[in-house]
Amino acid sequence: MNWITNYVRPRINSLFSRREVPENLWTKCPECGTMLFHRELSDNLNVCTNCDHHLAITPRERFAALFDGGLFSEVKVPEPLADPLQFRDQKKYPDRMKAAQKSTGEKEAMLVAEGEMGRTPIVAAAQDFSFMGGSMGMYVGNAIIAAAERAVKLKRPLVLFSAAGGARMQEGILSLMQMPRTTVAVEMLREAGLPYIVVLTHPTTGGVTASYAMLGDIQISEPGALICFAGPRVIEQTIREKLPEGFQRAEYLLEHGMLDRVTHRTKLRDELISILRMLGGLPAPTRADLPAPAPAAIEPPESAPSHEESAKAGKKSAS
Ligand SMILES: [Zn+2]
């Protein structure tokens with residue numbers, strides 16, 4: 001009996017538990033099919049290391065990479081009325097909300113934070129496509145207003161990362177009302193003379209494209225992002241014509257004057273810092289943190305050679 005419980009059973013258990021290795025350690029790139037190891041992928045900000053395809057990234061992961069030392073504090077967003085229309089399709093709206101909250105670990109489809117990026121204080125808001133398609137409901141409207149108010153109060157620029165399938169149909173007309181509301185929020189920034197920068201990520205569509213996502217002072221997009229009001233499939237079916245290659249993608253829109261920049265995600269942070277410091281009239285960003293001065297460097301000992309002497313010595317050794 002002892003032999004069975006102490007030796008055989010653990011062996012059997014270990015054989016079976018091997019199957020429980022989580023399968024999500026590897027992600028298949030939807031573009032080129034390469035299997036990407038999760039750590040390698042997150043180190044590269046969810047950009048495929050083989051073909052540079054930009055996979056989705058959560059607002060929290062984005063902020064961790066964006067802010068200095070990954071440090072930021074969340075800006076509180078006023079809670080809207082829950083389920084105002086008592087909406088029900090195949091599922092009740094509150095049940096859909098609960099499922100989305102459980103799968104994402106977030107409260108709603110937008111995260112607002114404040115912190116420093118390259119020693120440049122900012123307020124940032126990011127939309128979460130994994131939360132009910134990043135849909136714009138009353139909460140997202142409140143989040144943008146909270147972000148704009150906070151930016152005005154702290155006299156900081158606002159950087160917004162958009163990603164949405166459009167308005168949230170479960171909130172009907174109330175979700176559409178967020179288009180003028182967020183437009184007014186952007187206007188508040190303009191009146192305060194503060195920069196508003198939009199980074200459009202894949203996909204940004206519908207009412208979001210028709211309001212705050214297109215009102216930036218500078219419009220940047222991640223490569224390959226779909227940015228449109230009505231999607232290509234709908235247009236194709238309506239006009240019964242084949243659309244050109246890359247239609248409504250970031251690069252196409254840049255070529256046609258809808259965007260200012262298309263920037264790779266790994267270069268985005270540096271670019272945002274440069275743009276914001278330029279707009280804010282601040283000195284050029286420091287590219288890296290200098291090490292703290294060593295005690296000896298602060299007060300050189302009497303016997304230490306002066307700068308000129310050491311330079312001469314350097315030349316001698318070089319020749
Ligand atoms: Zn790939």
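A residue is called exposed if 12 or fewer other C-beta atoms lie within 10 Å of its own, buried if 20 or more do, and partly exposed in between. Keep that in mind as you look around this structure, which is a predicted model. The protein chain has 319 residues, and 34% of them count as buried. Its secondary structure comes to 13 helices and nine strands. Of the contacts with a separation of 6 or more, 66% link residues 24 or more positions apart.

**Trying out the definition**

- Start with Gln86, in the loop between strand E3 (73–74) and helix H4. Gln86 has 9 C-beta neighbours inside 10 Å, so it counts as exposed.
- Now go to Leu45, which sits in the loop between helix H2 (38–43) and helix H3 (59–66). Leu45 counts as partly exposed because it has 19 C-beta neighbours inside 10 Å.
- Gln86 and Leu45 are also worth a look for their backbones: phi of Gln86 is positive, near 50°, and phi of Leu45 is positive too, near 55°. Neither Gln86 nor Leu45 is a glycine.

**The four cysteines**

- UniProt, in an unreviewed entry, lists residues 29–51 as "zinc finger region: C4-type". Over this stretch the chain is 26% helix and 13% strand, and the C-alpha atoms at its two ends are 9 Å apart.
- The unreviewed UniProt entry also places a "binding site" feature at Cys29, Cys32, Cys48 and Cys51. These residues are spread over 23 residues of sequence, yet they cluster in space, with a largest C-alpha distance of 8.7 Å.
- Cys32 is in the loop between strand E1 (26–28) and strand E2 (35–37). With 12 C-beta neighbours inside 10 Å, Cys32 counts as exposed.
- Cys48 is in the loop between H2 and H3. It has 20 C-beta neighbours inside 10 Å, so Cys48 counts as buried.
- Which residues does Cys32 touch, leaving aside its neighbours within four places in sequence? Cys32 is in contact with Cys48, Asn50, Cys51 and His53.
- Do the same for Cys48, again setting aside neighbours within four places, and you'll find contacts with Cys29, Glu31, Cys32, Thr34, Leu36, His53 and Leu55.

**Strand E6 and its partners**

- Strand E6 covers residues 158–164, and seven of its seven residues are buried.
- Here's a general point to help you picture a strand: in a regular one, the side chains alternate between the two faces of the sheet.
- In E6, Leu158, Leu160, Ser162 and Ala164 are on one side, while Val159, Phe161 and Ala163 are on the other; both faces are covered.
- E6 runs parallel to strand E5 (residues 120–127), and four bridges join the two. If you want a spot to zoom in on, Ala126 stands opposite Phe161 in E6.
- To get from E5 to E6, the chain crosses through helix H5, and this β-α-β crossover is right-handed.
- E6 also runs parallel to strand E7, to which it is joined by six bridges. In this pairing, Ala164 stands opposite Thr204 in E7.
- While you're in E7, find Pro203. A cis peptide bond joins His202 to Pro203, with omega at about -20°.

**Helix H7: two sides**

- How far apart are the end C-alpha atoms of helix H7? They are 20 Å apart, which agrees with the 20 Å its 14 residues (178–191) should span at 1.5 Å a residue.
- Gln178, Thr182, Ala185, Val186 and Leu189 are buried in H7. Look down the axis of H7 and these buried residues fall within an arc of 95°, so they line one face of the helix.
- What covers the buried residues of H7 includes helix H5 (138–154), strand E6, helix H6 (172–176) and strand E7 (196–204).
- On the other side of H7, Pro180, Val184 and Glu191 are exposed.

**Glycines after helices**

- Gly193 comes just after H7 and takes a positive phi of about 70°.
- Helix H4 (residues 93–104) is followed by Gly105, which has a positive phi near 75°.
- H4 itself has twelve residues and reaches 16 Å from its first C-alpha to its last, close to the 16 Å expected at 1.5 Å a residue.

Methods: Residues are numbered from 1 along each chain as its sequence is written. This is a predicted model: local features need pLDDT of at least 70, side-chain atom pairs count only at pLDDT 80 or more; totals for chains, interfaces and linings use all residues. The expected span of a helix is 1.5 Å times one less than its number of residues. The arc is that of the directions from the helix axis to the C-beta atoms. Two residues are in contact if their C-beta atoms, placed from the backbone, lie within 7 Å. UniProt positions are given in the numbering used here, feature names are shortened, and annotations may be inferred rather than shown by experiment. Two strands pair if DSSP finds at least two bridges between them. A crossover is right-handed if, with the strands pointing away from the viewer, the path from the first strand over the helix to the second runs clockwise.
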